[in-house]
Amino acid sequence: MASKSQNLEADDLSSIAEINITPFVDVVLVLLVIFMVTAPMLVREQMSVNLPKASSGEKSASESISLIIDKTGAVRLMNKAIETSQIEAAIKSMIEKNPNSQAVISADQDTKHGDVIQIMDLVKRAGVTRFAIQIEQKN
């Protein structure tokens, strides 16, 4: 009889020792989906860049150097404010790490054309050979 009670206790202890992580994984996956859906909306709202719309366009490469120009001409490199005089040196250091990077320029539709050309020229002088202009798709 003692052996039967010992077996029951052993079964109870082994079932308590095993943790079921399935509900935890489910919650983490739901949170991941929520963050993936809301993150692009949060970034776009913080930038306050009114992108021009076009009916044709392609997705950009994942290895990209992001440049944002707002309507006042202020520039952000990889979401950090930067002076125009520092852009070329900063991009050169990025190109050294990944020579196949593509520059993605997001300019407000009210930005002066000359400001965009100036930034494109600085990026090209830094060694970037592939460019993309970010747009919003027309409906």
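Good morning. Two residues are said to be in contact when they have heavy atoms within 4.5 Å of each other. With that in mind, let me turn to the structure, which is a predicted model.

I begin with helix H3, residues 84-97. Four of its residues, Ile87, Glu88, Ile91 and Ile95, are buried. They lie on the same side of H3, because the arc they cover around the axis is only 90°. As a general point, an α-helix has 3.6 residues a turn, so residues three or four places apart point the same way. The other side of H3 carries exposed residues, namely Ser85, Ala89, Glu96 and Lys97.

What do the buried residues of H3 pack against? Their partners are three strands, E2 (64-69), E3 (75-77) and E4 (80-82), together with helix H4, which spans 113-125.

This brings me to the largest nonpolar core, a group of 18 residues. Within this core, Leu67, Ile91 and Ile119 have the most contacts. At least two residues of the core come from each of E2, E3, H3, H4 and strand E5, residues 102-107. Which element supplies the largest share? That is H4, with four residues.

Ile91 deserves a second look, since we have now met this residue twice: on the buried side of H3 and among the residues with the most contacts in the core. If we leave aside its neighbours within four places in sequence, Ile91 is in contact with Ile65, Leu67, Leu77, Val123, Ala126 and Val128.

I now move from the core to the surface. Here Ile19, Ile21, Phe24, Val25, Val28, Leu29, Leu32 and Met36 form a nonpolar patch. Together, these residues have about 820 Å² of accessible area. One of them, Leu29, belongs to helix H2, which covers residues 22-47. Is Leu29 buried, exposed or partly exposed? Its relative accessibility is 45%, so Leu29 counts as partly exposed, given that buried means under 20% and exposed over 50%.

Finally, I would draw your attention to the loop between E3 and E4, where we find Met78 and Asn79. Met78 is not a glycine, yet has a positive phi of about 55°. Asn79 is likewise not a glycine, and its phi is positive as well, at about 70°. As for accessibility, Met78 is partly exposed, with a relative accessible area of 37%. Asn79 also counts as partly exposed, at 34%.

Thank you for your attention.

Technical notes
Residues are numbered from 1 along each chain as its sequence is written. This is a predicted model: local features need pLDDT of at least 70, side-chain atom pairs count only at pLDDT 80 or more; totals for chains, interfaces and linings use all residues. Side-chain values use heavy atoms; hydrogens and water are left out. Buried means under 20% relative accessible area, exposed over 50%, partly exposed in between (1.4 Å probe, protein chains only). The arc is that of the directions from the helix axis to the C-beta atoms. A nonpolar core is a set of buried Ala, Val, Leu, Ile, Met, Phe, Trp, Tyr and Cys residues joined through side-chain atoms within 4.5 Å. Patches are made of residues with over 30% relative accessible area and no salt bridge: like charges are joined within 9 Å, nonpolar side chains (Val, Leu, Ile, Met, Phe, Trp, Tyr) within 5 Å. Accessible areas come from the Shrake-Rupley method with a 1.4 Å probe; for residues, only the protein chains shown count as cover. A salt bridge is a side-chain nitrogen of Lys or Arg within 4 Å of a carboxyl oxygen of Asp or Glu.
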